[in-house]
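Trainee: I would like a close look at a single part of this protein. Please start from one residue pair and work outwards.

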Amino acid sequence: MSDYMELLKKAGEFHGDICGGIVMGTKLAIHGMEQMGMTPGEKDKRLIVYTEIDRCICDAIQSVTKTSLGKKSLKPMGYGKFAATFVNIDTGEAVRVMDIDANNKDTDIDSEAEHEETIEELTERIARTPGDELFMVQKVSVKINPNDLPGKPLEIARCADCGEVVMDGKHHLKGGKAYCTSCFEKSYYQLL
Ligand SMILES: [Zn+2]
Ligand SMILES: [Zn+2]
């Protein structure tokens with residue numbers, strides 16, 4: 001429990017404040033790392049985490065697991081779901097940890113005001129509740145493209161259209177030529 005409070009404090013500093021997502025995310029990350037036999041709060045080179053949400057919880061996961069985008073050890077999936085998957089890249093062992101509370105059907109998404117639990121009350125409740133009661137853990141298998149693993153880049157290409165460099169096998173091949181995603185399919189931006 002004291003470990004939890006300490007990791008929560010650090011996650012709050014990383015995120016900017018301690019909100020509900022940080023309270024839950026810290027617990028979720030601790031639970032996930034414990035399932036993997038790893039030490040919460042310590043960097044573990046065997047660990048890759050896929051987060052299914054890009055909100056507060058994600059910052060807590062990053063803080064507790066010491067994974068990061070830049071190290072290729074944190075993979076935001078953008079599913080908008082309250083879950084994360086912890087993968088040991090040495091053994092292939094993986095668990096998906098899902099936040100039961102956030103998925104409770106009785107929780108009316110539109111009326112948060114109804115169960116006025118203060119952040120202190122929430123923290124106190126989460127600190128003393130065993131992770132098993134808060135999260136559902138599923139054993140899963142995750143196929144990881146070697147290009148997505150931490151370490152030196154394996155594939156580097158140059159787009160035949162725009163001429164920009166594309167790292168980590170993210171290019172598309174067509175007629176024996178390499179293209180970046182923007183040129184090949186669609187881009188998130190439009191040139192003005
Ligand atoms: Zn937040
Ligand atoms: Zn291009």
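Which residue in β5 is the bridge partner of V95?

Mentor: K139 is the bridge partner of V95. A caution before we go on: this is a predicted model, where local features need pLDDT of at least 70 and side-chain atom pairs pLDDT 80 or more, while totals for chains, interfaces and linings use all residues. Residues count from 1 along each chain, chains are lettered from A and ligands numbered from 1 as written, and side-chain values use heavy atoms, without hydrogens or water.

Now take β4 itself. V95 is one of its residues, and β4 spans 94–99. Strands here are DSSP runs of E with at least two residues, and helices are runs of H or I with at least four, numbered from the N terminus. How many of the residues of β4 are buried? Six of its six residues are buried, so the strand is mostly covered (buried is under 20% relative accessible area, exposed over 50%, partly exposed in between, with a 1.4 Å probe and protein chains only). The side chains split into two sets. A94, R96 and M98 point one way. V95, V97 and D99 point the other way. R96 and D99 are buried along with the rest.

Look at both flanks of β4. On the β5 side, the two strands pair in the antiparallel sense over six bridges. Pairing requires at least two DSSP bridges. With β3, β4 is also antiparallel, over five bridges. Five residues lie between β3 and β4 in their hairpin. G92 sits in that turn, with a positive phi of about 85 degrees. Further along, V97 in β4 stands opposite A84.

A84 leads on to the next strand. T51 stands opposite A84 in β3. Strand β1 (residues 47–51) runs antiparallel to β3 (residues 83–88), and five bridges join the two. Helix α3 (residues 56–65) packs on the sheet, touching β1, β2, β3 and β4. Its direction makes about 175 degrees with that of β1.

Where does β4 fall in the whole sheet? The order is β2-β1-β3-β4-β5: five strands, an open sheet and mixed pairing. β2 (74–76) and β5 (135–140) are the edge strands, each pairing on one side only. On average, neighbouring strands are turned by 20 degrees against each other, direction ignored.

A second helix belongs in this picture. Helix α2 (residues 20–35) lies across β1, β3, β4 and β5. It runs at about 155 degrees to β4. Such angles run from 0 to 180 degrees between N-to-C directions of axes fitted to C-alpha atoms, for helices over the stretch in contact. L28 shows the link residue by residue. Beyond its neighbours within four places in sequence, L28 contacts I61, A84, F86, V97, D99 and F135 (heavy atoms within 4.5 Å).

Now step back to the packing. The largest nonpolar core has 31 residues. Such a core is a set of buried Ala, Val, Leu, Ile, Met, Phe, Trp, Tyr and Cys residues joined through side-chain atoms within 4.5 Å. Y4, L28, V49, I61, F86 and I126 have the most contacts inside it. β4 gives two or more residues to this core, as do α1 (2–15), α2, β1, α3, β3 and α4 (119–128). Helix α2 gives the most, with seven residues.

To sum up β4: it is mostly covered, pairs with β3 on one flank and with β5 on the other, and lies under the span of α2.
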